[in-house]
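Biologist: Please take a close look at one part of this model, the sheets and the helices that pack around them. I would like to know which elements touch and how they are oriented.

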Amino acid sequence: EGQGRVICIDYSSINIAKRFHIGHLSTTMIGNALYKIYEHLGYKCVGINHLGDWGTQFGKMICAYKKWGNREEVERGGIHAINDLYVRFNSEADEQMEAEAREYFRLIESGDREANELFDWFKSLTLAYVQTIYDRLHITFDSYAGERFYTDKMAPVVEELRQKGLLKESEGAQIVDLEAYGMPPCIILRSDGASLYATRDIAAAIYRKKTYDFYKCLYVVAYQQNLHFKQFFKVLELMGKEWAKDLIHVAYGMVSLEDGSMSTRKGKVVYLEDVIQKCVQKAGDIIAEKNPGLENREQIAKTVGVGAVIFGALYNNKIKDITFSYDKVLNFEGETSCYVQYTCARANSVLEKGGKGGKYSVCEVLDQEYELVKKLAEFPATLHDALEKYEPCFVARYAVDLSQLYNKFYFDCSILNAGDENIRNFRLALTEATLITLTNALKLLGIGVPEKM
């Protein structure tokens, strides 16, 4: 159905020199799932990691590095070393250091060679670090154009707003008045002439439309930014951009662990690599207990553990706040990816023993068989619904529902010992169809399927 129409999806959007924490989980996994579902239905997707790579914090980083850092230590420590320097700056900075930081950022803005070389180095260390996490989650992006990329594209936006009579001065700042639309003003330039997020996002939207001619452009960003998106979408509409209606804010809720940890300000940051590692470790322990003789146990534990993290982020409606529980996401009997993966392994085992069966004709169908066929037929409609409402959870829930129906069928209806070859072949065909569909559903969520568990 996509017919090659372009969908831009802005997601993950990590900050340079900051570690990947659990708060990035939802945007990363929702964006990745939407990308895969759109692509599956024939759309051309452009995954954009809109890097947070602009602002005075980069002046602070350079100041801290100049004061306390050395190249060898930072190269060895990578993102952790940069992060430590940044934290130290914020705890020890006085007025003079703050002034130095502002000057270093001014040097970045003005194209100073040394300042920009340092910044590019920090950026490369950050991207090398986040790539290790993206690799574990099997995520790739088509563009890493972040805020810095649009610095030379904002002046034309400001000029166009001025020419169309949309800019007003308010306490020295340049704004677009949105009072008539029930919103506070959208600030385009601060009183000191500096741009803001809205300015850069307007420039980015215009660039994306010119570059990709998108059918839709999705922004997978937390619901706390609802007003920001309403404001800059409205400004683009007032500028006469008819395609402003094709900009969609895909809002989602917050993620925390059961002990409430997540808040950066309270110092309770939970890093995503630690969550992934703990899930992989726990999955390995569970698998070792359930099936001690299993080959490739370590690789299977990785597939199960990573899948549990992804599924945990996608199973609920995206707008709901999520309390992440290791025990819940790794429950082999619950509404989890482990349960779905285990069902796939079960179906695969049946097919290994019974083959794919031959021809069959169906005369009488049992309730368990009928319900399974009916659910299999719902898969295409489920994908349509997921995209219509930007809800990957529809696919996750479908996978659980289909698994439950298959397991009921598996226990209630003899497959390999059906007696009648016609019935046996039909049930083997049902098993194969279930395995294919569950594998596809998990694949579209970004989750792998081990052949055995």
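Modeller: Two strands are said to pair if DSSP finds at least two bridges between them. With that settled, the three-stranded sheet can be described; note that the model is predicted. This sheet is open, runs in the order β3-β4-β5, and has antiparallel pairing. Its edges are β3 (167–170) and β5 (186–189); each has a single partner strand, so one side of each is left without a neighbour in the sheet. On average, and with direction ignored, neighbouring strands here are turned by 45° against each other. The link between β3 and β4 (residues 173–176) consists of four bridges, and the two run antiparallel. In that pairing, S170 stands opposite A173 of β4.

The other sheet is open too, with four strands in the order β2-β1-β6-β7 and parallel pairing. Here β2 (44–48) and β7 (247–252) are the edge strands, each with a single partner, so one side of each lacks a neighbour in the sheet. Neighbouring strands of this sheet are turned by 20° against each other on average, again ignoring direction. Strand β1 (residues 6–10) pairs with β2 in the parallel sense over five bridges, and C8 stands opposite V46 in β2.

Helices cover this parallel sheet as follows. Helix α1 (residues 25–40) packs on the sheet and touches β1, β2, β6 (216–222) and β7, its direction making about 155° with that of β6. Helix α9 also packs on the sheet, touching β6 and β7, and its direction makes about 180° with that of β7.

From α9 the packing continues to α8. Helix α8 (residues 197–212) and helix α9 (residues 226–238) pack at an angle of about 55°, and their axes are 10 Å apart. The two helices are therefore oblique to each other, and α8 passes α9 in a right-handed crossing. On the α8 side the contact is made by Y197, A198, D201, I202, A205 and I206, and on the α9 side by H228, F232, V235 and L236. Sorted by class, this contact has eight nonpolar residues, one polar and one charged.

Helix α8 has a further partner in α7. Helix α7 (residues 154–163) packs against α8 at an angle of about 95°, with the axes 9 Å apart. The range for roughly perpendicular is 65 to 115 degrees, so α7 is roughly perpendicular to α8. The residues that meet are M154, V157 and V158 in α7, and T199, R200, I202, A203 and I206 in α8. By class, the α7 and α8 contact has six nonpolar, one polar and one charged residues. I202 and I206 of α8 thus appear in the contact with α9 and also in that with α7.

The loop leading into α1 makes an aromatic contact. There are 28 aromatic pairs in the structure, one of which joins F20 and Y134 at 5.5 Å centre to centre, with 80° between the planes. Planes over 60 degrees apart count as edge-to-face, and this pair is edge-to-face. F20 lies in the loop between β1 and α1, while Y134 is in helix α6 (residues 113–136), so the pair ties together parts that are 114 residues apart in sequence.

A helix pair from later in the sequence can be set beside these. Helix α13 (residues 337–354) and helix α16 (residues 393–412) pack at an angle of about 40°, with their axes 9 Å apart. That makes α13 oblique to α16, and α13 passes α16 in a left-handed crossing. Y339, V340, T343, R346, A347 and V350 of α13 meet A399, V400, S403, Q404, Y406, N407, Y410 and F411 of α16. By class, this contact has nine nonpolar, four polar and one charged residues.

Methods:
Residues are numbered from 1 along each chain as its sequence is written. This is a predicted model: local features need pLDDT of at least 70, side-chain atom pairs count only at pLDDT 80 or more; totals for chains, interfaces and linings use all residues. Side-chain values use heavy atoms; hydrogens and water are left out. Axes are lines fitted to C-alpha atoms, for helices over the stretch in contact, and angles run from 0 to 180 degrees between N-to-C directions. Angles under 35 degrees count as roughly parallel, over 145 as roughly antiparallel, 65 to 115 as roughly perpendicular and the rest as oblique. A crossing is left-handed if the near helix is turned anticlockwise from the far one by less than a right angle, and right-handed if clockwise. Contact means heavy atoms within 4.5 Å. Ala, Val, Leu, Ile, Met, Phe, Trp, Tyr, Cys and Pro count as nonpolar, Asp, Glu, Lys and Arg as charged, and the others, Gly among them, as polar. Rings of Phe, Tyr and Trp (its six-membered ring) pair if their centres lie within 6.5 Å; planes under 30 degrees apart count as stacked, over 60 as edge-to-face and the rest as tilted.
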